[in-house]
Amino acid sequence: MSKFSDYNFKDQKALVRVDFNVPLDDKFNITDDNRMKASLPSIQKIVKDGGSVILMSHFGRPKSGPEDKYSLKHLVNHLKKLVGSGIKISFANDSIGDDAVNKAKDLQPGEVLLLENLRFYKEEEKGDEGFAEKLSKLGDVYVNDAFGTAHRAHASTAVIAKFFSDDKKMFGLLMEKEVQSAEKVLHSNQKPFLAIIGGAKVSDKILIIENLLDNATDIIIGGAMAYTFFKAQGGKIGNSLCEDDRLNTATELLEKAKQKNVCIHLPSDSIIADKFDANAEVSGSLSNNIPDGWMGLDIGKIATQTFCKIISKSKTILWNGPMGVFEMEKFQHGTKVIAQAVADATANGAFSLIGGGDSVAAVNKFNLAEKVSFVSTGGGAMLEYFEGQVLPGIKAIQS
Ligand code: AMP
């Protein structure tokens, strides 16, 4: 593989896989353009070098063939605004047919072509070689800058790479940063290394916790998943969320952590509510002695303070999953204070990576995204990376 920043794209047509799967409202306005913005540095470097850019992406989940609401044409005007008036942007209403082939052929240095939604062909998700080969013929160089889909072995994210020689395939700048940040955390020798794992379900996070036991110093477990651990240890958790079929798993994880000398920290107290509702009645309780009829919806004051102390001493921090139901004001305090503590630790020299859907939403909600070291754009991909899996989109470029 080549290194993107060292590569000179002059007179090259770069076929760049991006993740433009952005949310739209019912008037086709983009409600969050972060994924588009994240691809700009790669686009700008190629254009600056005197190359041209052919962008390809999936968009939504079209069922069978083209559907207007999933057309990438709805993004063209916004893309024009983002890249600026100096760069010509055109759109091909297909990803492999004549329109795409002709427009790619006519593309001049400094210009950008956006192809239609790849998922209008079922071959994309099937990882079809013929489809991947047709796509590959559109460009001279393949750049994968779509970390969000790197865990999928699709035609444009993995299979396509085999049609380019080693020196003509590479990660884009975003992907490079994602991989570097994840590697920095996973193999960190800046200790203590703290993983903060929260969210709804233990079952979603078992593999991550197991994998982190090899390198973490401390693991904080918050969110609903903590109650499965409390129940497994014989605690009373009232109506708190619990995965009864994972009680043994929770006990095993605690056992393994002990063997590997990793400290698992559970929230000693909780903010409890009489129902799952923004207007519920609220009280405080020890997390292992929650009264019947009540449920834990956030970490409590003592737990928050304890966790903040651990965060302030850490040199490497990975955070995945909120500490409570942060979407509701009454239960956002724990997540908000933890987010601020991660930002403070970062200001004091720690490296912090926020990865996975809801913790990313939380740092954005509390306006702290700029104050941590890196916020990953890949939810599922980042989770699989931290589970220790080899992502097909990464492997395809590296091998
Ligand atoms: P996940 O996608 O697994 O990271 O879970 C995120 C979701 O977990 C968020 O929507 C939170 O509202 C929810 N959550 C966090 N803590 C709790 C809790 N104590 N009880 C119920 N849901 C929770």
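Reader: What makes strand E4 a strand, and which way do its residues point?

Author: In this predicted model, local features need pLDDT of at least 70 and side-chain atom pairs count only at 80 or more, while totals for chains, interfaces and linings use all residues. Residues are numbered from 1 along each chain as its sequence is written, and side-chain values use heavy atoms, with hydrogens and water left out. Helices (H or I, at least four residues) and strands (E, at least two) are DSSP runs, numbered from the N terminus. E4 covers residues 112–115, and it is therefore called a strand under that rule. Val112 and Leu114 point one way, Leu113 and Leu115 point the other way, and all are buried. Buried means under 20% relative accessible area, exposed over 50%, and partly exposed in between (1.4 Å probe, protein chains only).

Reader: How do you know that E4 pairs with strands E2 and E3?

Author: Two strands pair if DSSP finds at least two bridges between them. Strand E2 (residues 52–56) has three bridges to E4 in the parallel sense, with Val53 as the partner of Val112. Strand E3 (residues 89–92) has four bridges to E4, again parallel, and here Phe91 is the partner of Leu114. Both counts reach the minimum, so both are called pairs.

Reader: What makes strand E5 a partner of E1 and of E6?

Author: The rule for bridges applies here too. Four bridges join E5 to E1 (residues 13–17), and three join E5 to E6 (residues 169–171); the strands run parallel in each case. Ala14 stands opposite Val141, and Val143 stands opposite Met170. On E5 (residues 141–144), Val141 and Val143 point one way, Tyr142 and Asn144 the other, and all are buried.

Reader: Why is Asn77 called buried or exposed?

Author: Asn77, which is found in helix H2 (residues 76–83), has a relative accessibility of 57% and therefore counts as exposed. Asn77 lies 9.1 Å from Ile89, C-alpha to C-alpha, and 12 residues away in sequence.

Reader: How do you know that Asn261 and Asn367 are exposed?

Author: The relative accessible area of Asn261 is 69%, so Asn261 is exposed. The value for Asn367 is 65%, so Asn367 is exposed as well. Asn261 sits in the loop between helix H9 (247–259) and strand E10 (263–265), and its phi is near 65 degrees, a positive value in a residue other than glycine. Asn367 lies in the loop between H12 and E17 and has a positive phi of about 55 degrees, although it is not a glycine.

Reader: Why is helix H8 described as largely enclosed?

Author: Six of its eight residues (225–232) are buried, so the rest of the structure largely encloses H8. The buried residues are Met225, Ala226, Tyr227, Thr228, Phe229 and Phe230. After H8 comes Gly234, whose phi is positive, near 90 degrees.

Reader: How do you know that the buried residues of helix H10 line one face?

Author: In H10, Ala303, Thr304, Phe307, Ile310 and Ile311 are buried. Seen down the helix axis, they fall within an arc of 125 degrees, so they line one face; the arc is that of the directions from the axis to the C-beta atoms. The face turned away from this side carries the exposed residues Lys301, Ile302, Gln305, Lys309, Ser312 and Lys313.

Reader: What makes the span of H10 close to the expected one?

Author: The expected span is 1.5 Å times one less than the number of residues. H10 (residues 301–313) has 13 residues, and its span of 19 Å from first C-alpha to last is close to the expected 18 Å.

Reader: What makes an empty space a cavity, and which residues line the largest one?

Author: On a 1 Å grid over the protein atoms alone, a cavity is a set of points where a 1.4 Å probe fits but cannot get out; a pocket is an open set with protein on both sides within 12 Å along at least five of seven lines, and lining residues have an atom within 4 Å of a point. The structure holds one cavity of 30 Å³ or more, and the largest cavity has about 40 Å³ of space. Among the residues of its lining are Asp19, Arg35, Asp145 and Thr377.

Conventions. Grid points are joined across faces, edges and corners, and a volume is the space filled by probe spheres set on the points.
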